[in-house]
Amino acid sequence: MEPGSVENLSIVYRSRDFLVVNKHWDVRIDSKAWRETLTLQKQLRHRFPELADPDTCYGFRFCHQLDFSTSGALCVALNKAAAGSAYRCFKERRVTKAYLALLRGHIQESRVTISHAIGRNGTEGRAHTMCIEGTQGCENPKPSLTELVVLEHGLYAGDPVSKVLLKPLTGRTHQLRVHCSALGHPVVGDLTYGEPSGQEDRPFRMMLHAFYLRIPTDAECVEVCTPDPFLPSLDACWSPQTLLQPLDQLVQALRATPDPDPEDRGPRPGSPSAILPGPGRPPPPPTKPPETEAQRGPCLQWLSEWTLEPDS
């Protein structure tokens, strides 16, 4: 992918109800700040002015977030009914996501489950960042779970790195970046959670990419697999050396995983056993109590507007 511009928006899926774009790195989804010369919102307005909805704050209903520095698949609902169907999939935890990343160091285990709880960092000077439970200043940590599969070992600009597939099984802010940093293998180019020695100033981008997305709505299953940006032909600094797990096999496993019934309380897609072979599946989660009116109200209000706060 070339650096983002208003003209070069990449569309990887389009239907009557949804668009999925391959977002560029270092591009915000939306912003009210005058200084933001390029946002995904502006790219969409330039490419599809007829699809902009004046009833929304930003003109488009973004179904989920991607960090400013993260590239890859991002779904846009084209009407309120489609937004509602996507919202239900996220609420019922039926969405499957997988990311590609280059991480510092050679990870010795072939598969890792990272389960550190994540909370906001209340330390002075660390505003808008997250941290794992037990870190000084960690506020309101919540359970978080990430599955990691090592694909390749190699070198990036001469330094050892691992190419990995990451599957977030929860949706905390900056979860993948925080979990990889806690593992001792931060994302290459991550200026917030990466190496403190200034090493992360050299890569031209943060090496985290939203690779696979599936949203099984009632009307259609939105499923996309974006191009892998971490190839030697696209970045001469990346030199793979040892292949540990073919990416194609994992993509096949992702695509073959059945979508659960919304009433089924068994393991959802993206549970560890759905992509990582193992001795049996995890037990089903406990049944949730019915949603109260107090809980339902904020959800309906959010759904009625379907806008996202600016990325801070």
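This report describes confidence, two buried basic residues and an aromatic pair in a predicted model.

**Confidence of the model**

The mean pLDDT of the protein is 85, and 80% of its residues reach 70 or more. Two segments have a pLDDT that stays under 50: residues 265–274 and residues 299–312. The model nevertheless places contacts beyond four places in sequence in each segment, with 34 for residues 265–274 and 33 for residues 299–312. Where pLDDT is low, the predicted coordinates should not be read in detail.

**Lys 23**

Lys 23 belongs to strand β2, which covers residues 18–23. Lys 23 is buried and yet has no salt bridge. Asp 26 is the nearest side chain of opposite charge, at 7.0 Å. A salt bridge requires a side-chain nitrogen of Lys or Arg within 4 Å of a carboxyl oxygen of Asp or Glu, so the separation of 7.0 Å between Lys 23 and Asp 26 does not qualify. The side chain of Lys 23 instead reaches a backbone atom, the oxygen of Asp 67, at 3.4 Å.

**Arg 214**

Arg 214 lies in strand β12, formed by residues 208–216. Its relative accessible area is 2%, so Arg 214 counts as buried. The side chain of Arg 214 makes a polar contact with the side chain of Tyr 212 at 2.9 Å. A polar atom of the Arg 214 side chain also lies 2.8 Å from the backbone oxygen of Leu 254. Along the chain, Arg 214 and Thr 96 are 118 residues apart, but their C-alpha atoms are separated by 5.1 Å.

The polar partners of the two basic side chains are listed below.

| Side chain | Partner | Distance |
|---|---|---|
| Lys 23 | Asp 67, backbone oxygen | 3.4 Å |
| Arg 214 | Tyr 212, side chain | 2.9 Å |
| Arg 214 | Leu 254, backbone oxygen | 2.8 Å |

**The aromatic pair**

A search of the whole structure finds one aromatic pair. The pair consists of Trp 25 and Phe 204, whose ring centres are 5.5 Å apart and whose planes meet at 75 degrees, so the arrangement is edge-to-face. The pair links distant parts of the chain, as Trp 25 and Phe 204 are 179 residues apart. Trp 25 sits in the loop between β2 and α1 (40–47), and Phe 204 sits in the loop between α3 (175–182) and β12. With a relative accessible area of 10%, Trp 25 is buried, whereas Phe 204, at 46% relative accessibility, counts as partly exposed.

Note on methods:
Residues numbered from 1 in each chain as written. Heavy atoms only, no water. Helix = DSSP H or I, 4+ residues; strand = E, 2+ residues; numbered from the N terminus. Buried < 20%, exposed > 50% of the residue type's maximum accessible area, 1.4 Å probe, protein only. Lys, Arg positive; Asp, Glu negative; His and termini not counted. Polar contact = N/O pair within 3.5 Å; in protein donor to acceptor, adjacent residues only side chain to side chain. pLDDT = per-residue confidence, 0-100. Contact = heavy atoms within 4.5 Å. Phe/Tyr/Trp six-rings, centres within 6.5 Å; stacked < 30°, edge-to-face > 60°.
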